[in-house]
Amino acid sequence: MPSISPAELEARLRLHVLPELGPRRLHKLLSAFPDASSALSAPASAWRSLGLPASCAEARRSPAIRERAADSLAWLEAPGHHLLMWDDPAYPGLLEELPDAPPLLFIEGDSGLLERPQLAMVGSRRASRPGLDNATAFARSLARGGFVITSGLALGIDGAAHQGALDVGGKTIAVLGTGLQCLYPRRHLGLAARIVEGGGALVSELPLDCPPQAANFPRRNRIISGLSLGVLVVEASPSSGSLITARLAAEQGREVYAIPGSIHHPGARGCHQLIRQGAALVESVEDVLQALRGWQLTPVTAEAQRSELTHPLIAQLHAAPMSSEALAGAVNQPLSHILAELTELEIEGLVACENGRWSACAG
C-alpha cells in the first residue's frame, strides 16, 4: 500500500463502505478534496454540490460505518491479505485505464499476479460436458504458456477454467461479485482455497462483508476483462452474462475470442453471435497463443498440447457428442471396432458416455 497515515487509510475504508458511493462517485469525491480525510470531514452541503446522494453524507459518521472500516483494518492484518488503492504504484496498469476503475481492491493471495499477463476465460454456468472439457483443456495449455487465467469463480466454465490452470501448476485469479468474506457460490469454497494455496489470488472491489447481490456480478465483469489482455468465451447462450464481459472487453480495447459449437446446441449461439460481430474464431489454443505471442512467457511445447486430439474418434467428439453408431459411420469403421476403441479411451479418461452419447473429456 502507499505510504499513508492510519487515519487516511481508515477514512478511505469508511468512504468505501458508504451506500450509493460507487467507483465513479468516489473518484469524483476524492478529486474534489486533498484526501479522503478531508472529504470525510467536509460539510454535507459540499457533498450535495457534487451531486452525491444525501444517503452518502448522512451515513459517513454512523457507528456501523466505523465498525465496518475497523473490520477491514483487522482483516488486512492477516497474512496474505492485501489492499490495492488507486494511487498505489502496484495498482494494475491495464485496469487503471478504465474510466470506472475500482478505487480499492481487496486481494487474498498473491497481489503481484494482477500485473502478470492474463487471459480471461468465461462462459455458461450451465455448461455442457464438452464445454467444460474445452475450458479445462484451454486453461491448461494457456497456463503452461505462462498466462494467468482470470475468471469469476462461477459454476460451469469459470470453475473449469480455474481448475484447469491449477491442474498444471499454473496461476489463476478469481474476481468475485461479493466481498471476500462472503464467497459465492458456496460450492466453490474449496476451489477458492485451492486457488490461494496454489499461488493464485481472490480479488474483489466490494466491501469484505458484501453478500451476493444480482447487480454486482455484471459489474465485476469489467474487472475480469480490464485485468486481461483478452477474453475467451468458451460456451454461452445469447443471454449469458459472459457476453457482457465480451462487450466490455471490446470497449476496453481488449481482444475477444470465441469457440464455436454445434448449430443445434443453444450454448453455442452466444459464441456464434460474437463471431458474427467480429470476435476471433478459436479452434485450438494455438489460435489464442498466436494472437498473444508477444506476451507469452513460456513456450508451449507440442507435447503439452492435447495430443489426444490426433485420435480420430476424439477429433469427431470434439465437434459434437455422438452415439457409437454415428461415430462408426463418421469414421467408416465397424461398430465392434468403435466400441472397443471407446472402451479403451473411456478407461484412459479421454471420453465419457452420457445418455447413449459419447463426448470427449479434457486430457
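Contact means heavy atoms within 4.5 Å, and we will use that cut-off throughout these exercises. This is a predicted model, where local features need pLDDT of at least 70, side-chain atom pairs count only at pLDDT 80 or more, and totals for chains, interfaces and linings use all residues. Residues are numbered from 1 along each chain as its sequence is written, and side-chain values use heavy atoms, with hydrogens and water left out.

**Exercise 1. Find the buried residues of helix α1 and the elements that they pack against.**

Step 1: Set the terms. Helices (H or I, at least four residues) and strands (E, at least two) are DSSP runs, numbered from the N terminus. Buried means under 20% relative accessible area, exposed over 50%, and partly exposed in between (1.4 Å probe, protein chains only).

Step 2: Look along α1, residues 6-16, where 8 of the 11 residues are buried. They are Glu8, Leu9, Ala11, Arg12, Leu13, Arg14, Leu15 and His16.

Step 3: Turn to the partners. The buried residues of α1 pack against helices α2, α3 (36-41), α4 (44-49) and α6 (63-76), and against strands β1 (81-85) and β2 (104-109).

**Exercise 2. Which residues have the most contacts inside the largest nonpolar core?**

Step 1: Define the core. A nonpolar core is a set of buried Ala, Val, Leu, Ile, Met, Phe, Trp, Tyr and Cys residues joined through side-chain atoms within 4.5 Å.

Step 2: Pick out the hubs. The largest core has 30 residues, and Leu95, Leu105, Leu114, Ile173, Val203, Val233 and Leu274 have the most contacts inside it.

Step 3: Zoom in on Leu114. Leaving aside residues up to four places away in sequence, Leu114 touches Leu84, Pro92, Leu105, Ile107, Ile173, Val203 and Leu227. Apart from this core lies another, of 25 residues, with Leu142, Ala143, Ile149 and Ala160 among them.

**Exercise 3. Is His162 buried or exposed, and what does it touch?**

Step 1: Locate His162 in helix α9, residues 157-167.

Step 2: Check its accessibility. His162 has a relative accessible area of 0%, so it is buried.

Step 3: List the neighbours. Beyond four places in sequence, His162 touches Ile149, Ser151, Gly152, Leu153, Thr172, Ile173, Ala174, Leu191 and Ile195.

**Exercise 4. Describe the surroundings of Ala258.**

Step 1: Place Ala258 in strand β8, residues 255-258. Its relative accessibility is 0%, so Ala258 counts as buried.

Step 2: Gather the contacts. Again not counting residues up to four places away in sequence, Ala258 touches Leu232, Val233, Cys271, Leu274, Ile275, Ala279, Ala280, Leu281 and Val282.

Step 3: Try a distance. Ala258 and Gln273 are 15 residues apart along the chain, and their C-alpha atoms are separated by 9.3 Å.

**Exercise 5. How many disulfides does the structure hold, and why is Cys56 not bonded to Cys210?**

Step 1: Apply the cut-off. A disulfide is a pair of cysteine sulfur atoms within 2.5 Å, and the structure holds 0 of them.

Step 2: Examine Cys56. The closest cysteine sulfur, in Cys210, is 15 Å from that of Cys56, so it is too far for a bond. Cys56 is also buried, at 0% relative accessibility.

Step 3: Compare Cys182. Cys182 is in no disulfide either, and the nearest cysteine sulfur, that of Cys210, is 7.1 Å away.
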